Each structure stands twice: as structure tokens, then as C-alpha cells.
Amino acid sequence: MSGYAVSAVGLEKRYGEKRALDGFDLAVREGTVHGLLGPNGAGKTTAVRILSTLVKLDGGSARVAGLDVARQPREVRARIGLTGQYAAVDEVLTGRQNLEMFGRLFHLGGRRARLRAGELLEQFDLTDAADRGVGKYSGGMRRRLDLAASMILTPRVLFLDEPTTGLDPRGRGEVWDSVRALVTGGTTVLLTTQYLEEADKLASHITVIDQGRSIADDTPDGLKSTVGGDRIEVVVAERADIARAVKVVARVSDGEPESDETELRVHAPVTDRVAALTEVARTLQDEGVRVEDIGLRRPSLDDVFLRLTGHRTDVRNETNARNETNVPNETDETDETDVPNEKEAA
Ligand SMILES: Nc1ncnc2c1ncn2[C@@H]1O[C@H](COP(=O)(O)OP(=O)(O)OP(=O)(O)O)[C@@H](O)[C@H]1O
Ligand SMILES: [Mg+2]
């Protein structure tokens, strides 16, 4: 396929009984950021590892930068960059030393490695911190250094596996800026994330993955319109007040409010966010309904899942399902062997 930097058809990967990928399809247009959105254990890292030739596929086929990952792994590797889910930089070295070391690993030679390190420090806004030990970097700075390290050879395709997980909003914003700059420079980015907001901010196209399969492929706007945009959410103190809260919320919402009897929660889609919030808060107070919590919520991955699958993410995957009494815990057999996945072990 021309015009596509990555294309995968029917990818399969099994780990024992576990089908980490189960007929996964993906098409990433050249020069874009493509989001791969899915909950824990959906198969995001497995897909990235196959596409970056780190693990072999069991079925299907994939091309990256025009090359077949199974037949031409070395050629693929020369054209890609990868930033893993967990930062790979050395804590003891400075930022500059890290980048120079990566440059030498890529056979750049001392002088070119130094030059390239300088350029990248500039590009990722790390010049001021360049000669400090990475142990003293903030999370956001560290991820930016990680991004810089994966850009030493200016790859055509860059795989970013959850580049902002665990960062505070500021660190996240910094990484987003860096990713945007990469794409302006002509690199195609496949970015995995658990945050709809992140995919929305960065990606021109999003593939949603669940249990090793693509369950949706759309633009961020298309996906959000499936989910229904912003929502107002009210938690009442007494179960008896749910019906009244539903009525009040219905007056300002764009669709039928939904309610959750166990969590005493009422929620509904709204367009004029602030007006809706003010109106609902005032009316509930006037009617003497005791409110535990009230707020506006942007759609999350969880909402996307609810719409697409009829389930929340937490009953669909084994990690969070450990807390569910009706889902058996069978994680022991499926634990990773080659790469520790901290989140699954946590
Ligand atoms: N090396 C491995 N050995 C055994 N099972 C594995 C291995 N790698 C992945 N799995 C299993 O395959 C499934 C998909 O895992 P993967 O790491 O691709 O998910 P993910 O979407 O990246 O999740 P997360 O958001 O937690 O990083 C999970 O059930 C996982 O436990
Ligand atoms: Mg992962």
C-alpha cells in the first residue's frame, strides 16, 4: 500500500493459550500521528513489538516503511525508532552523555554523535539541562530525552509506546509538543495510549484495540461523536433522589440521562458545559437534593469502550478484573516472560 507508513493485516500473536493479537489490522498514513488506543492488556505493546521486529508474528502480515517485517527485519530496523513503555536512558549519565552514547551505538562516530546530541537537545528543549545527571530530571524531561534518543538517526517511522503514562499534566504537555515537532519534521508516529484525550490531541486517526483486535478506526472527531462528547455527572447522597436528579439533568442534556443505582450516579451528554453545570447545581439545591459530587467529564477511553462494546474496560481485561468477583484470575499463566510489564505485576 503506498501512502501508508505502516500496514498490518490479520496480525496474530499467541503466548501459550493467550491470544495477545487476534487478527489485528492497522493502516497508518505517512506523515501523520496515528493513535493506538486501548486498555491494559489489549495488545498495544505486542503490536508495537511486532511492527518494530522485536518479536515474531504467528500469523498475518505487516509492512513498515514499505518493507515486510517478517522477511526484511533488518531493513525495517534501519528505518524506525522505538520508545518503549519504560524509559531506557541511563540515570547516572547526563542528558548529553546519554545521547552521545546512543549516537555511538548507532555507529555515528564521536564527532557526529556530539553534533547530533547537540541538535537533539535543542530540538527537545533540553539544552539547559543537558549537562545535569538524568537522575535529577523530571518525568517529562526524561521522556523527552527518551524521545530524543529514538530520533538519533531521524527514523521514517517512530513507535511510541505510552509516552506519557505516569507523567503529570505539565510533563504530558511537554511530550505532546515534542511529538508534534517530530511530525512536522516528516516522521510518521504510531503512538499507543490509554488516554482518549491524548489520542485526540495528537492523532489525526485512531485505532481502538481490544483483546488483540481493532474494534474501531476513525478520526478523533468521529470517535468522539460515537461517544457523545462531554458529560455532566452528578452523584447524589440518597438513592431516593436518583429519579429527581435524572429529571433535573434531563432538562439540560442532549440525550437521555443514564443512572447507576449502586454508585448513585446520574450522567448525560451536554453541549453547553458550563451553563448545564450551573443550572443543574442550582436546581438540585433549590429542590433540596443532597449532592455528593457534581462535575463535567470529558469522554474517556472507558466511555469509548462502553459505546463500542457495551462493556466498561475494567470487566474486559484481566488486569483490572482481578477486583471483580465474577471473573476468574488466570494471570499466572499469561505473565510475560521476556519483558516485565510493571503495570500487570502491580
Ligand atoms: N511475553 C509475554 N508472555 C506472555 N504473555 C504476554 C507477553 N506479552 C504480552 N502478553 C499478554 O498479552 C496480552 C497483551 O499484552 P500487551 O502488553 O500487548 O498489552 P498492552 O495493550 O500493551 O497493555 P498495557 O496498557 O498494560 O501496556 C496481555 O494479556 C499480556 O499479559
Ligand atoms: Mg503496553
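**View 1. His34 and His205 sit opposite each other as bridge partners, the latter in strand E9.** This is a predicted model, and the close-up starts where E3 meets E9. Strand E3 covers residues 33-37, while E9 covers residues 205-210. The two strands pair in the parallel sense, with four bridges between them. E9 is mostly covered, too: five of its six residues are buried.

**View 2. On to the hairpin of E9 and E10.** Strand E10 takes in residues 213-218, and it runs antiparallel to E9, with five bridges joining the pair. One bridge to look for links Val208 to Ala216, the partner in E10. Two residues lie between the strands of this hairpin, and Gln211 takes a positive phi there, near 45 degrees.

**View 3. Helix H1, residues 44-51, is mostly covered.** How many of its eight residues are buried? The count is eight of eight. The buried set even takes in Lys44 and Arg49, next to Thr45, Thr46, Ala47, Val48, Ile50 and Leu51. After H1 comes Thr53, and its phi is positive, near 65 degrees.

**View 4. Arg14, a residue of strand E1.** E1 spans residues 4-15. Is Arg14 buried or exposed? Somewhere in the middle: it has 13 C-beta neighbours inside 10 Å, so Arg14 counts as partly exposed, given that the exposed class stops at 12 and the buried class starts at 20. If you skip the neighbours within four places in sequence, Arg14 is in contact with Arg19, Ala20 and Asp58. For a link back to the helix of the previous view, try Thr46, one of the buried residues of H1. Arg14 and Thr46 are 32 residues apart in sequence, yet their C-alpha atoms are 9.9 Å apart in space.

**View 5. Helices H3 and H5 pass each other in a right-handed crossing.** H3 is residues 95-105 and H5 is residues 139-149; their axes come within 10 Å and cross at roughly 25 degrees. That angle is under the 35 degrees cut-off, so H3 and H5 are roughly parallel to each other. Which residues make the contact? From H3 come Gly95, Asn98, Leu99 and Phe102, and from H5 come Leu145, Ala148 and Ala149. Sorted by class, the H3 contact with H5 has five nonpolar residues, two polar ones and no charged ones.

Definitions and conventions: Residues are numbered from 1 along each chain as its sequence is written. Chains are lettered from A and ligands numbered from 1 in the order in which they are written. This is a predicted model: local features need pLDDT of at least 70, side-chain atom pairs count only at pLDDT 80 or more; totals for chains, interfaces and linings use all residues. Axes are lines fitted to C-alpha atoms, for helices over the stretch in contact, and angles run from 0 to 180 degrees between N-to-C directions. Angles under 35 degrees count as roughly parallel, over 145 as roughly antiparallel, 65 to 115 as roughly perpendicular and the rest as oblique. A crossing is left-handed if the near helix is turned anticlockwise from the far one by less than a right angle, and right-handed if clockwise. Two residues are in contact if their C-beta atoms, placed from the backbone, lie within 7 Å. Ala, Val, Leu, Ile, Met, Phe, Trp, Tyr, Cys and Pro count as nonpolar, Asp, Glu, Lys and Arg as charged, and the others, Gly among them, as polar. Two strands pair if DSSP finds at least two bridges between them.
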